[in-house]
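Biologist: Could you take a close look at the salt bridges for me? I'd like to hear who pairs with whom, and how buried the partners are.

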Amino acid sequence: MASVVDRPDLRFTAELRSGAAQHGKQRRRRRLVLLAAGFLSAAALFVTTVWIAPGWLTAALEKPLRDGPAADGYLSVVVVGIDERAHDPGRTDAILVASLRLDDGHVGVVSVPRDTRVKLPGGSHNKVNMLFTAYGPHVLMDTLAQLLGVPIDGYVKVNFQAFERFVDAIGGVELTVPSRMRYVDRAQNLVIDLRPGRQRLSGKEALEFVRFRADGLGDVSFDPGTGEYLGRVERQQEFTRALFEAVTRRRVLLRLPRVLRETYAMVETDMPLDLALAAAGWVMRHNRLELSTGVLPGMPGTVAGASYWLPDRARVEAVARQVLQGPAIPGSVAVLNANGVQGSAAQVASVLSAAGIRVEFVGNARQFGLDESRVLALTDRGLPLARQVARILGGLSVERTGGVWTAEDGPEARKDVIVLVGIDLVRRIRGSEGPATGGETAGVGRARQARGPRS
């Protein structure tokens, strides 16, 4: 038999085959190189978009938030956990009010005990956990906004299945189970069995952790000796912190939009998906989030034979603002009397100081007679602080402006933020909706030069 060496035609064919094989390898190598280059380019674009997006792109991505419910710089929602079953609308098992401050990434969460006594639309009183199913989500939002003194932009209702799915989708949460948790309720088909120690909980185990209340402390208990809130609400707060740490892990952040899309269909909310994705994108781009948690202050008590959590109304708004609105943003604030009611600027300054805002100047505006109060940001760096001040004062509008606004016009009056106190704010703070009368209200309703010491 002739070998390839002896047969030039066979040698030529073998060379052709070898050349074709090498050409195929080169084509496959080129494809791999192109594929790798495309992947790296996409990854680079993604990283650029997510973490180091230029200002115009960041603004575009945040537009659904800034132009929507977070126009004041905050996105606040009430999250309702429902024990929902077939042919049963369920009961509200947990209520949280959560807020995200867009200017610096502060996240606040306030737990509202489900037995909190609140006023119903008809004027009677009952527990807050019956509002969602009996009156609907927006009555619950309005009631909590009035109780806490902060605006609430939307709601999210989460049933047990959605809760488990979300926790599993982010890889579980790591926390410490303080002691053996064992509870069986055949009627609810509920079996809780968790052993103590540091561990990563699945969705099912995490749900058992936040539902457990067979420790003799019930839903919430207050220890006056330590000032701590104990019971199930304490475990819900611990879970909130563990969930926060889990969600802000880099590998979870990368999957957050997909996780949100998967769980969005399982929850009920009045917030559109693009808004939820914009919020997720915001979290991905700002990975320096800070979390504050708190409990609606109060004490257990009985009214007309019914057991309630009775809110400490003298402290509720201050605690809610401290937790949900976060620490004061750096900057200087001046409060100016622009309505003519003596002492009104000092009164507004006291409200801001109680909320942690440092007011460095109180005086008179150049004119009195202002009907609607205004919050002015005189510098770009003052915008975040102006939004915080506006929110504390009940959702006033914020304007970026310049100019001289004080009667004194001294250097001490040139601050990052100026609050022009109109008559609307005076009426709101003093609890009067009627027309202002008497000597203290002289000058109200007509513009005139500020002369006297009325601040």
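Modeller: Start with the network: salt bridges link Asp-93, Arg-114, Asp-219 and Arg-232. By salt bridge I mean a side-chain nitrogen of Lys or Arg within 4 Å of a carboxyl oxygen of Asp or Glu. Bear in mind that this is a predicted model, where local features need pLDDT of at least 70 and side-chain atom pairs count only at pLDDT 80 or more, while totals for chains, interfaces and linings use all residues. Residues are numbered from 1 along each chain as its sequence is written, and side-chain values use heavy atoms, with hydrogens and water left out.

Inside that network, the side chains of Asp-93 and Arg-114 meet at 2.9 Å, N to O. This pair ties together distant parts of the chain, 21 residues apart: Asp-93 sits in strand β2 (residues 88-101), and Arg-114 in the loop between β3 (106-111) and β4 (117-119). Strands here are DSSP runs of E, at least two residues long, and helices are runs of H or I of at least four, both numbered from the N terminus. Asp-93 counts as buried because its relative accessibility is 11%, and Arg-114 is buried too, at 11%. The cut-offs are under 20% relative accessible area for buried, over 50% for exposed, and partly exposed in between, using a 1.4 Å probe and protein chains only.

The loop between β3 and β4 also holds Asp-115, which pairs with Lys-127 in strand β5 (residues 125-127), 12 residues apart. Their side chains meet at 3.8 Å, N to O. Asp-115 has a relative accessible area of 23%, so it is partly exposed; Lys-127 is partly exposed as well, at 23%.

Another salt bridge joins Asp-312 to Arg-315, with the closest N and O atoms 3.9 Å apart. Asp-312 is at 27% relative accessibility, and therefore partly exposed. Arg-315 is at 40%, which means partly exposed again.

As for the whole model, the count by this rule comes to 19 salt bridges. As background, side chains of opposite charge can pair when their charged atoms come close.

If you look around Arg-315, helix α10 (residues 313-325) is worth following: its axis comes within 8 Å of that of helix α4 (residues 137-148). On α10, the contact (heavy atoms within 4.5 Å) is made by residues including Arg-313 and Glu-317, and on α4 by Gln-146, Leu-147 and Leu-148.

Note on methods. Axes are lines fitted to C-alpha atoms, for helices over the stretch in contact, and angles run from 0 to 180 degrees between N-to-C directions.
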